[in-house]
Amino acid sequence: MIAPHASHPAAPVRTVRKAVVPAAGLGTRFLPATKATPKEMLPVVDKPAIQYVVEEAAAAGLDDVLMVTGRHKRAIEDHFDHAFELEQALAAKGDTVRLDAVRDPARLASIHHIRQGDPLGLGHAVLCARRHIGDQPFAVLLGDDLIDPRETLLSRMLDVRDRRFGSVVALLEVPPEQIHRYGCAAVEPTGEEDVVRVTGLVEKPDPEHAPSRYAVIGRYVLDPAVFGVLERTPPGRGGEVQLTDALQELAAGGAVHGVVFKGLRYDTGDKADYLRTVVRLACDRPDLGPEFVSWLKEFVAELDGARPPHHRDIAA
């Protein structure tokens, strides 16, 4: 079934109107599925992961989205374009639900594409957006991180940017043994419960050297000053230009804040977390959830040995 058409309430007028979505990665953790299909196009129930990201940007009032892609990513461009033959076929059948679902991606925002010629890291991908962004503040949304549609993290970050200026990063407190997977922030309080001042950043530190348990997750609201810093930032960890390194320089000048996020986040860059994401979001769907949850309970009971396998359910 197709997800019901979702209409977002009118978003407030923002000083930030543009978003950048880096989508040039090779997706090696999902091979062979990503050999010919961009990892950002892997389905989460019945929408590709990257569509959730663009919907989040649009819901926060960002109506201009630049996707930084790479070779073999044409499917992303096609998804956010009109499919005239398909739309005509659905219209002829009177299938308005599926017709809306097909048209939705192209209606979310004004969507642009640019290619990152070489895989030189997230910092380089952001730098590729410089001409499109100009001297305006902008958001960066990573496609691996999905924020639950009911959360307002990005809107909160935009509010903080409007009041405090500079750049704003999203922070999530993680167990010490996981901090090596993220950029890590040293912070100090600001007087606001969910807002901290970032005093330093380290990319993927060893747990014993991590300045905190606050991980930088895939949402940023950046001041255009970051472009000048990125231009002179040498390759760092992994031989790539790290956005974390550029933000470290800005943080040293007191120009970076963090919003501490405690809501629902889904990591689709990891296979096990990707599967959990599909299950969670399917359970939340009014058109799929009741039937799927009922089956899931029976399946878990089978795994626990509480009852013998129901072969009719499996065959179905």
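This report walks through ring pairs, helices, loops and a few single residues in a predicted model.

## Aromatic pairs

Two rings are described by the distance of their centres and the angle of their planes. A search of the whole structure turns up 4 aromatic pairs. One of them joins Phe138 and Phe227: the ring centres are 5.1 Å apart and the planes lie at 0 degrees, so this pair is stacked. Planes under 30 degrees apart count as stacked.

Where do Phe138 and Phe227 lie? Phe138 belongs to strand β6, residues 138-141. Phe227 belongs to helix α8, residues 225-231. The two are 89 residues apart in sequence, so the pair ties together separate parts of the chain. Phe138 is buried, and Phe227 is buried too.

## A cluster in helix α11

Phe292 and Trp295 form another stacked pair. Their centres are 5.9 Å apart, with 20 degrees between the planes. Both sit in helix α11, residues 289-303. They are 3 residues apart there, which means about one helical turn separates them. An α-helix has 3.6 residues a turn, so residues three or four places apart point the same way.

Are Phe292 and Trp295 buried or partly exposed? Phe292 is partly exposed, with a relative accessible area of 24%. Trp295 is also partly exposed, at 36%. The cut-off explains both labels, because buried means under 20% and exposed means over 50%. Phe299 joins in as well: ring pairs link Phe292, Trp295 and Phe299 into a cluster.

## A lysine over a ring

Rings can also meet a charged side chain. Lys47 lies over the face of Tyr52. The distance to the ring centre is 4.5 Å.

## The buried face of helix α9

Helix α9 covers residues 243-252. Which of its residues are buried? They are Leu243, Thr244, Ala246, Leu247, Leu250 and Ala251. Look down the axis of α9: the buried residues fall within an arc of 160 degrees, so they line one face of the helix.

Several elements help to cover these buried residues. Among them are the helices α5 (122-127) and α8. The strands include β8 (167-173), β10 (195-203), β11 (214-222) and β12 (256-260). Helix α8 has already appeared, as the home of Phe227. After α9 comes Gly254, with a positive phi near 75 degrees.

## How α10 meets α11

Two packed helices are described by the angle between their axes and the distance between the axes. Helix α10 spans residues 271-284. Its axis comes within 7 Å of the axis of α11, and the two cross at roughly 125 degrees. That angle makes α10 oblique to α11.

Which residues make the contact? From α10 come Val279, Ala282 and Cys283. From α11 come Gly289, Phe292, Val293 and Leu296. Phe292 therefore has two roles here: it touches α10 and belongs to the ring cluster of α11, because ring pairs link it with Trp295 and Phe299.

## Backbone details in the loops

Start with the loop between β1 (18-23) and β2 (43-44), which holds Pro32. The peptide bond from Leu31 to Pro32 is cis, with omega near 5 degrees.

Two residues have a positive phi although they are not glycines. Val45 has a phi of about 65 degrees. Its place is the loop between β2 and β3 (47-48). Val45 is partly exposed, at 24% relative accessibility. Lys204 has a phi of about 45 degrees. This lysine sits in the loop between β10 and β11. Lys204 is partly exposed, at 33%.

## Two residues to locate

Find Glu173 in strand β8. Its relative accessible area is 47%, so Glu173 counts as partly exposed. Leaving aside neighbours within four places in sequence, Glu173 is in contact with Arg213 and Tyr214. His113 is 60 residues away in sequence, and the C-alpha atoms of Glu173 and His113 are 33 Å apart.

Now find Gly228 in helix α8. Gly228 is partly exposed, with a relative accessible area of 25%. Thr28 lies 200 residues from Gly228 along the chain, and 31 Å separates their C-alpha atoms.

Key: Residues are numbered from 1 along each chain as its sequence is written. This is a predicted model: local features need pLDDT of at least 70, side-chain atom pairs count only at pLDDT 80 or more; totals for chains, interfaces and linings use all residues. Side-chain values use heavy atoms; hydrogens and water are left out. Rings of Phe, Tyr and Trp (its six-membered ring) pair if their centres lie within 6.5 Å; planes under 30 degrees apart count as stacked, over 60 as edge-to-face and the rest as tilted. Helices (H or I, at least four residues) and strands (E, at least two) are DSSP runs, numbered from the N terminus. Buried means under 20% relative accessible area, exposed over 50%, partly exposed in between (1.4 Å probe, protein chains only). A charge sits over a ring if NZ of Lys or CZ of Arg is within 6 Å of the ring centre and within 35 degrees of the ring normal. The arc is that of the directions from the helix axis to the C-beta atoms. Contact means heavy atoms within 4.5 Å. Axes are lines fitted to C-alpha atoms, for helices over the stretch in contact, and angles run from 0 to 180 degrees between N-to-C directions. Angles under 35 degrees count as roughly parallel, over 145 as roughly antiparallel, 65 to 115 as roughly perpendicular and the rest as oblique.
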